[in-house]
Every structure is written in structure tokens, then in C-alpha cells.
Amino acid sequence: MTEQEYTALLAEWRPQEALPAAIGSFRQRELTEADRERHRFFVYEEPDKGWEFFGFYSADTDDYMVKYDIGLMVVTEIRFTAGDATAYWAAVKADLSRVLTDRWLRSRETAGVIIDGMGITSWDYAAFLPEQVGSYSLKINPAAPVAGLNGSYIIAAYADKDNDRGLLLFYNTMRDDYFAETRAARVPGMIHDFDAENLGELEARLTNRLRPVLESI
């Protein structure tokens with residue numbers, strides 16, 4: 001996409017007028033020069049968590065896309081991926097608020113349809129997942145898991161103040177097990193400290209390994 005094409009689409013779509021100013025706690029902001037260099041069309045920010053989601057054109061795949069950036073992880077919302085600008089913008093205008101709300105703002109209800117039977121959303125996790133561990137804060141908790149990738153749900157996420165270092169705990173619906181990944185300067189790291197087949201096993205591993213793992217990142 002040329003700069004002229006990008007500018008023309010921005011002028012035609014007028015995203016700040018066509019899309020809501022806020023969706024829950026996410027608020028649309030003015031595009032910066034850096035956003036424009038990345039051919040972004042809109043950006044919403046969640047100030048308390050430091051998260052954002054944005055629509056943009058990807059030169060790598062020649063697609064129009066929407067991505068969520070939660071610091072520790074970037075997730076593509078495949079519902080909006082399209083090779084055609086007109087189809088993309090029609091889908092964004094029609095469904096962006098609903099899809100974002102279901103994935104992030106109503107994540108408890110959305111995830112619960114699939115994983116309530118595992119006891120995750122009703123788990124009394126406070127003794128195993130404290131709100132603060134050293135410099136890390138609990139940004140996602142098991143009461144409101146968030147859909148991740150490849151059949152996995154993020155059931156817990158600890159992040160530092162810069163939101164680029166921490167720990168992600170997952171439940172995988174296809175394997176029916178729990179696993180974890182670290183992030184250091186957003187670079188993924190695989191660990192097996194929290195591999196578990198049920199919540200009882202996970203509780204024991206969290207009791208013994210949560211603080212040491214976070215301190216080692």
C-alpha cells in the first residue's frame with residue numbers, strides 16, 4: 001500500500017467518526033506519526049492495563065487486520081482479517097464493538113461457555129495467584145479468562161510495570177491441560193514449572209514455583 005492509498009482510505013473511512021469513542025474501558029485515540037508509519041487506521045487503549053488493539057494494513061501478508069496487544073502477547077482477531085479493503089472496513093464497522101466486548105469485556109461469560117466444566121472460572125485462586133508478586137501485577141485472572149491461540153485460554157497473566165515482562169498461564173481445551181510461558185522484553189520463553197493435568201496439580205506448582213519463576217525472569 002502506498003502512502004497515498006493509505007491517506008485516501010483514512011479520509012474515506014474517517015475512523016474516529018465512524019467507530020465509537022470508547023468500547024468499555026478501551027478508548028479510541030488520535031493516530032500518532034508512528035501509527036501512520038505502520039499504516040494503522042484506528043487504535044484503542046486500555047489505560048489501566050496498558051493494553052491496546054488496533055486496525056492496520058500488513059505489508060507482510062497484504063492483508064487488513066485487527067490485533068490485540070496486551071504487552072506479553074499479541075493476538076490477531078481473525079474475524080477481521082481480509083485481503084479486500086472494502087470487506088474489511090464493512091466488517092469492522094459492523095462487528096468491532098461486539099467482538100471486542102465478547103473477547104475482553106465479557107470474557108467471563110464467553111470463556112465460561114467452554115471451560116466452566118473445568119472449574120476454572122469458579123476457582124478460589126486468591127491463595128495461589130496473589131494480586132501482586134514483587135514488581136508483577138496480576139492483569140488477567142481465572143475469573144475472566146481470555147481466548148488465546150490454538151484452543152488455549154489465558155487464565156492468568158502477571159506483568160511488570162512496563163507490561164513487557166512476566167508470566168502467562170494457559171488452559172488448553174484440546175489437550176485438557178495447563179501450561180505456562182514467560183516473557184522477557186516480550187520475547188517468549190517456554191517453561192514446564194506449571195505443567196499440570198488438573199487444578200489440584202496446578203495449585204501445588206503455583207505454591208512452590210510462582211514467586212521463584214517471576215523473580216528469575
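Trainee: In which helix does Leu-202 lie?

Mentor: This is a predicted model, and positions are read along its chain. The residues to look at are 199-216, which form one helix, and Leu-202 lies in it. That helix is α6.

Trainee: Is Leu-202 buried or exposed?

Mentor: A residue counts as buried under 20% relative accessible area. Leu-202 has 0% relative accessibility, so the label follows from the cut-off. Leu-202 is buried.

Trainee: Which residues is Leu-202 in contact with, leaving aside its neighbours within four places in sequence?

Mentor: Leu-202 sits in helix α6, and its relative accessibility is 0%. Leaving aside neighbours within four places in sequence, the residues in contact with Leu-202 are Trp-123, Ile-155, Tyr-178, Phe-194 and Ala-196.

Trainee: What distance separates the C-alpha atoms of Leu-202 and Phe-179?

Mentor: Along the chain, Leu-202 and Phe-179 are 23 residues apart. In space, the separation of their C-alpha atoms is 9.0 Å.

Trainee: Where is Trp-51, and is it buried or exposed?

Mentor: Strand β4 covers residues 51-58, and Trp-51 is found in it. The relative accessible area of Trp-51 is 7%, which is under the 20% cut-off. So Trp-51, in strand β4, is buried.

Trainee: Which residue has a backbone oxygen 3.4 Å from a polar atom of the side chain of Trp-51?

Mentor: Trp-51 touches several residues beyond four places in sequence, among them Phe-26, Tyr-44, Asp-69, Ile-70, Trp-104 and Asn-163. One of these residues places its backbone oxygen 3.4 Å from a polar atom of the Trp-51 side chain, and that residue is Ile-70.

Trainee: How many residues apart along the chain are Trp-51 and Phe-26?

Mentor: Phe-26 is one of the residues that Trp-51 touches. The C-alpha atoms of the pair are separated by 8.5 Å, while the count along the chain is 25 residues.

Trainee: Asn-163 also touches Trp-51; what is the phi of Asn-163?

Mentor: Most residues other than glycine have a negative phi. Asn-163 lies in the loop between β10 (152-159) and β11 (166-172), and it is buried at 6% relative accessibility. Its phi is a positive value in a residue other than glycine, near 65 degrees.

Trainee: Where is Arg-186, and what is its phi?

Mentor: Arg-186 is in the loop between β12 (177-184) and β13 (187-196). With 39% relative accessibility, Arg-186 counts as partly exposed. Its phi is positive, near 70 degrees.

Trainee: Is Gly-24 buried or exposed?

Mentor: Gly-24 lies in the loop between β1 (22-23) and β2 (26-28). Its C-alpha atom is separated by 9.0 Å from that of Glu-46, 22 residues apart along the chain. The relative accessible area of Gly-24 is 51% and the cut-off for this label is over 50%, so Gly-24 is exposed.

Trainee: With which side chain does the side chain of His-39 make a polar contact?

Mentor: His-39 is in the loop between α3 (33-37) and β3 (40-46), and it is buried at 10% relative accessibility. Beyond four places in sequence, His-39 touches residues including Met-1, Glu-3, Tyr-6 and Phe-56. The polar contact, at 2.8 Å, is with the side chain of Glu-3.

Trainee: Which side chain is joined to that of Arg-40 by a polar contact of 3.2 Å?

Mentor: Arg-40 is in strand β3 and is buried, with a relative accessible area of 6%. Among the residues that Arg-40 touches beyond four places in sequence are Tyr-6, Asp-35, Glu-52 and Phe-54. The polar contact of 3.2 Å joins Arg-40 to Glu-52.

Trainee: Why is the protein said to be as compact as a globular protein of its length?

Mentor: The protein has 6 helices and 13 strands. For 217 residues the globule rule gives 17 Å, and the protein comes close to that, so it is as compact as a globular protein of that length. Its radius of gyration is 19 Å.

Trainee: What percentage of the residues in the protein is buried?

Mentor: The C-alpha trace spans about 55 × 35 × 30 Å along its principal axes, and the protein exposes about 10,600 Å². Of its 217 residues, the buried ones make up 49%.

Key:
Residues numbered from 1 in each chain as written. Predicted model: local features only at pLDDT ≥ 70, side-chain atom pairs only at ≥ 80, totals over all residues. Heavy atoms only, no water. Helix = DSSP H or I, 4+ residues; strand = E, 2+ residues; numbered from the N terminus. Rg over C-alpha atoms; globule rule 2.2 N^0.38 Å. Buried < 20%, exposed > 50% of the residue type's maximum accessible area, 1.4 Å probe, protein only. Areas by Shrake-Rupley, 256 points an atom, 1.4 Å probe, with all protein chains shown as cover. Polar contact = N/O pair within 3.5 Å; in protein donor to acceptor, adjacent residues only side chain to side chain. Contact = heavy atoms within 4.5 Å.
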